[in-house]
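Here is a briefing for a reader who has the sequence and the coordinates open. Please keep both in view while going through the points below.

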Amino acid sequence: MKMAALCSEYGDLVQIKKQLMSVISLCKERGLLHSSKWASELASALDRLPKDELPPSPPFTEEDAQDLDALTLAKSYFDLKEYDRAAYFLKGCCSQKAYFLYMYSRYLSGEKKKDDETVDSLGPLEKGQVRNEALRELRVELSKKHNAGELDGFTLYLYGVVLRKLDLLKEAVEVFVEAIHALPLHWGAWLELSNLVTNIEMLKSLSLPDCWIKDFFLAHMYTELQMIKEALQKYQNLIEAGFSKSTYIISQIAVAYHNIRDIDQALALFNELREQDPYRIDNMDTFSNLLYVKSMKPELSYLAHNLVEIDKYRVETCCVIGNYYSLRSQHEKAALYFQRALKLNPRCLGAWTLMGHEYMEMKNTSAAIQAYRHAIEVNKRDYRAWYGLGQTYEILKMPFYCLYYYRKAHQLRPNDSRMLVALGESYEKLSQHSEAKKCYWRAYSVGDVEKMALLKLAKLHEQLNESDDAAQCYMLYIQDIFSCGEQLEHAEVSTALRYLGQYYFKNKLYDEASLCAQRCCDYNDAREEGKALLRQISQVRDQIETPSADLFAPLSNNNTPVRRVSPLNLISFTP
């Protein structure tokens with residue numbers, strides 16, 4: 001897309017900068033610090049405005065003037081987290097700004113009391129029955145104002161948050177949509193709405209304002225819904241439109257690559273982000289996940305020490321330290337830091353999931369199940385928690401439960417081979433062999449990450465005495481492994497070679513059987529069987545030699561790897 005077209009699509013960048021500066025001021029006045037930070041980071045990525053282009057101060061009404069003293073005093077208390085005190089001095093104020101801060105102070109007071117009580121009285125894995133006692137009163141009051149049409153964009157946002165906390169999700173979605181129509185530039189309302197969108201159909205059904213910020217929301221939603229290709233395209237469009245310096249966009253692209261397990265690309269972007277913003281803590285827990293997967297101990301150690309120096313009591317810092325201890329196999333210490341993260345923020349999705357993993361390592365399946373369930377309560381789209389639940393029930397030898405949870409994980413990650421292999425194993429344990437075959441073949445078709453799908457499919461065919469199909473799959477498996485250059489590290493190659501050697505021998509294809517037997521001799525666990533087969537072949541071999549097939553050459557166009565045996569039909573169990 002050309003730059004001129006993009007600029008016209010996103011409007012004048014000068015106007016966007018002005019809009020962002022205005023909303024920063026509005027959010028700061030109301031104590032909406034995260035929205036203010038997001039808008040500030042985005043504004044700083046755009047060119048500086050000359051003095052005469054700076055946006056004017058927001059209009060000051062008669063009601064604002066009447067409430068000025070009370071609002072100034074209450075805001076000072078609010079900033080020091082004295083929420084009840086702030087609300088007391090704002091009671092009876094008439095202006096929109098004062099009314100929002102009054103209601104928001106009451107809401108935050110209830111949240112603070114709830115969190116304090118949770119930390120004091122409950123263990124990190126217990127199902128908390130503590131509630132924000134202010135929510136019902138706030139809902140009644142805000143509902144009356146809403147029905148009378150007296151709520152502005154900020155107060156609509158707060159009303160939506162109250163409804164969500166009370167699990168009135170349908171009403172919350174409607175109110176958040178209303179809030180972003182009333183005030184499109186308030187990112188907090190878009191973010192709250194994103195947490196309630198469960199699938200692409202629901203996203204398409206939403207009536208969203210036609211504003212440049214909508215593309216940031218859609219890119220975020222595509223990432224959340226695992227539509228990574230669409231998300232990356234959106235972010236690329238935004239970069240080309242003039243947001244190329246935005247650290248927010250760089251971090252989101254890095255998270256998107258993390259979600260599709262493009263680890264090297266994600267690591268490169270996180271390193272770039274750390275160079276641009278060395279004191280950044282946001283998203284560093286995701287960065288640590290990548291370092292953990294790559295077993296980069298020194299880098300993870302450096303990151304953990306660095307974040308402790310910046311802010312040791314941030315949720316992300318605790319998660320990074322937890323990952324560091326997990327990589328060192330100190331699982332009790334790792335779990336302790338994930339618990340600390342949850343004390344700081346009980347709705348931290350990553351900490352619940354990672355703590356589940358640690359309890360799995362410690363063989364504490366009941367605690368792992370509780371942790372994963374908490375993760376799903378925070379975000380039903382977290383495929384890792386569904387997958388983790390499947391694994392815990394697999395340990396408990398409960399395949400029906402496994403099947404349910406692996407299906408949920410597969411729905412969220414339809415092209416993730418690990419979910420498909422796990423599903424196939426569950427079907428196999430339940431003797432649903434045709435379904436298991438479909439899953440294994442599908443896992444191979446979408447790019448088998450762990451190179452296990454074909455092997456499991458071959459073994460299933462072998463178990464069912466479907467020798468032609470088993471041979472076909474073992475052949476594909478060997479070619480797949482050899483094409484990756486991993487044949488020496490992969491222990492199961494010898495299993496495949498042993499089977500193929502016997503299969504070819506039974507079918508009187510002695511050249512192919514001989515080649516497989518010779519390859520068996522490269523592996524300690526198959527050497528004796530390989531030698532025995534070579535002796536058998538030499539005893540019965542015909543005097544007329546036939547040309548050997550190159551078993552390990554790339555597949556021919558017809559995808560039939562077994563020479564002189566009729567092509568095997570895999571279509572019958574291809575989904």
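Which residues line the largest cavity? They are Arg498, Gln502, Cys520, Glu529, Gly530 and Leu533. The model is predicted. Its chain has 30 helices and zero strands.

**Confidence**

- The average pLDDT of the chain is 86. A score of at least 70 is reached by 88% of the residues.
- Residues 1–10 stay under 50 in pLDDT. The model gives this stretch 19 contacts beyond four places in sequence.
- Residues 553–575 also stay under a pLDDT of 50. Here the model has 36 contacts beyond four places in sequence.
- Where pLDDT is low, the predicted coordinates should not be read in detail.

**Whole chain**

- The chain has 575 residues, and 52% of them are buried.
- Take the contacts with a separation of 6 or more: 58% of them join residues 24 or more positions apart.

**The cavity**

- The count of cavities of 30 Å³ or more comes to one.
- The largest cavity has a volume of about 40 Å³.
- Two elements give two or more residues to its lining: H28 and helix H30 (527–540).
- H30 gives the most, with three residues.

**Helix H28**

- H28 covers residues 493–506, which makes 14 residues.
- From first C-alpha to last, H28 reaches 20 Å. That is close to the 20 Å expected at 1.5 Å a residue.
- Eleven of the 14 residues of H28 are buried, so the helix is largely enclosed by the rest of the structure.
- The buried residues of H28 include Val493, Ser494, Thr495, Ala496 and Leu497. Tyr499, Leu500, Gly501, Tyr503, Tyr504 and Phe505 are buried as well.

**Positive phi in loops**

- Most residues other than glycine have a negative phi.
- Lys508 comes just after H28 and has a positive phi of about 60°. Lys508 is not a glycine.
- Lys508 lies in the loop between H28 and helix H29 (510–520).
- Is Lys508 buried or exposed? Lys508 is exposed, because its relative accessible area is 57% and the cut-off for exposed is over 50%.
- Ser295 is another residue other than glycine with a positive phi, in this case about 55°.
- Ser295 is found in the loop between helix H16 (284–293) and helix H17 (297–311).

**The second largest pocket**

- The second largest pocket has a volume of about 560 Å³.
- How many residues line the second largest pocket? The lining has 24 residues. Leu225, Gln226, Leu412, Arg413 and Pro414 lie nearest the centre.
- Three helices give two or more residues to this lining: H13 (228–243), H23 (399–412) and H24 (417–429).
- H13 gives the most to the lining, with three residues.

**Asn259**

- Asn259 sits in helix H14, which runs over residues 247–259.
- Asn259 is buried, because its relative accessible area of 14% is under the 20% cut-off.
- The side chains of Asn259 and His258 make a polar contact at 3.2 Å.
- Beyond four places in sequence, Asn259 is in contact with Thr223, Gln226, Ile228 and Arg413.
- Two of these contacts lead back to the second largest pocket: Asn259 is in contact with Gln226 and Arg413, and both residues are among those nearest the pocket centre.

**Arg384**

- Arg384 belongs to helix H22, residues 383–395.
- Arg384 is partly exposed, with a relative accessible area of 23%. It is not classed as buried, because buried means under 20%.
- Which residues does Arg384 touch, not counting those up to four places away in sequence? They are Asn289, Gly350, Thr353, His357 and Tyr372.
- Arg384 and Ala409 are 25 residues apart along the chain. Their C-alpha atoms are separated by 7.2 Å.

Terms used
Residues numbered from 1 in each chain as written. Predicted model: local features only at pLDDT ≥ 70, side-chain atom pairs only at ≥ 80, totals over all residues. Heavy atoms only, no water. Helix = DSSP H or I, 4+ residues; strand = E, 2+ residues; numbered from the N terminus. Buried < 20%, exposed > 50% of the residue type's maximum accessible area, 1.4 Å probe, protein only. Polar contact = N/O pair within 3.5 Å; in protein donor to acceptor, adjacent residues only side chain to side chain. Contact = heavy atoms within 4.5 Å. pLDDT = per-residue confidence, 0-100. Expected span 1.5 Å × (residues − 1). 1 Å grid on protein atoms, 1.4 Å probe; cavity = no way out; pocket = protein on both sides within 12 Å on 5 of 7 lines; lining within 4 Å. Points joined across faces, edges and corners; volume = space filled by probe spheres on them.
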